[in-house]
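User: I have a model open and would like to go through its packing with you. Could we start with one of the aromatic residues?

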Amino acid sequence: MFPETLVFALALFITGAILFLLIYFLIILSDLECDYLNAQQCCSKLNFWSIPKVAGHGFLAFVLLIHGNWILCLFNLPMLGWLLYEQYKVPAGNIGVYDPAEIHNRGMVKKHLRDTMIGLGFYLIIFFVYLYCMIIALLKGDPIRRHEEEEIITEF
């Protein structure tokens with residue numbers, strides 16, 4: 001359907017975007033922990049990007065599934081399941097995953113920081129897996145074209 005290099009380039013792009021997004025989450029949560037931001041500002045910034053993060057990861061898993069990379073798709077499903085579960089378990093009165101009324105209760109800032117760090121670890125690992133797969137996909141072809149009729153033979 002799509003060239004393998006295009007699929008892995010798209011995977012690298014989406015994973016890189018999610019990595020930058022998680023670093024942004026880490027900075028915002030650290031600012032909240034140090035009281036540089038109030039809870040309302042922090043939660044509105046984080047909730048704005050929580051749905052695009054799930055959508056990007058879901059789209060990536062879908063592309064891998066369509067292309068036939070079953071192992072990579074299965075490797076992505078636990079994180080996709082966790083992200084969907086996070087969205088699903090939001091109580092009815094909250095404004096999103098990050099709620100300003102509850103973020104300082106019961107160590108929620110530490111929990112969100114922990115979850116962000118786990119996500120960073122996962123996406124860093126998967127980024128380099130996709131990079132490896134893209135390099136392998138690029139090297140599958142014959143970039144030097146050694147098997148053409150006009151073969152160049154050099155003898156010393």
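User: Is Phe122 buried or exposed?

Analyst: Phe122 has a relative accessibility of 14%, so it counts as buried; buried means under 20% relative accessible area, exposed over 50%, and partly exposed in between, with a 1.4 Å probe and protein chains only. Please note that this is a predicted model, in which local features need pLDDT of at least 70 and side-chain atom pairs count only at pLDDT 80 or more, while totals for chains, interfaces and linings use all residues. Residues are numbered from 1 along each chain as its sequence is written, and side-chain values use heavy atoms, with hydrogens and water left out.

User: And why does Tyr123 count as buried?

Analyst: Tyr123 counts as buried because its relative accessibility is 2%.

User: Which aromatic cluster holds these two?

Analyst: Phe122 and Tyr123 form one aromatic cluster together with Phe75. Rings of Phe, Tyr and Trp (its six-membered ring) pair if their centres lie within 6.5 Å; planes under 30 degrees apart count as stacked, over 60 as edge-to-face and the rest as tilted.

User: How many aromatic pairs are there in the structure?

Analyst: There are six aromatic pairs. One of them joins Phe25 and Tyr98, whose ring centres are 5.8 Å apart with planes at 85°, so this pair is edge-to-face. Phe25 belongs to helix H1, and Tyr98 to the loop between helix H3 (70-88) and helix H4 (108-140), so the pair ties together parts 73 residues apart in sequence. Helices (H or I, at least four residues) are DSSP runs, numbered from the N terminus, as are strands (E, at least two). Phe25 and Tyr98 are both buried. Phe122 and Tyr123 also make an edge-to-face pair, at 5.2 Å centre to centre and 80° between the planes.

User: Switching to the core: which residues have the most contacts inside the largest one?

Analyst: They are Ile103, Tyr123 and Tyr130, in a nonpolar core of 39 residues. Such a core is a set of buried Ala, Val, Leu, Ile, Met, Phe, Trp, Tyr and Cys residues joined through side-chain atoms within 4.5 Å. H1, H2, H3 and H4 each give two or more residues to this core, and H1 gives the most, with 13.

User: What about Phe62, where does it lie?

Analyst: Phe62 lies in helix H2, which covers residues 39-67. Its relative accessibility is 45%, so Phe62 counts as partly exposed. The C-alpha atoms of Phe62 and Asn76 are separated by 10.0 Å, and these residues are 14 apart along the chain.
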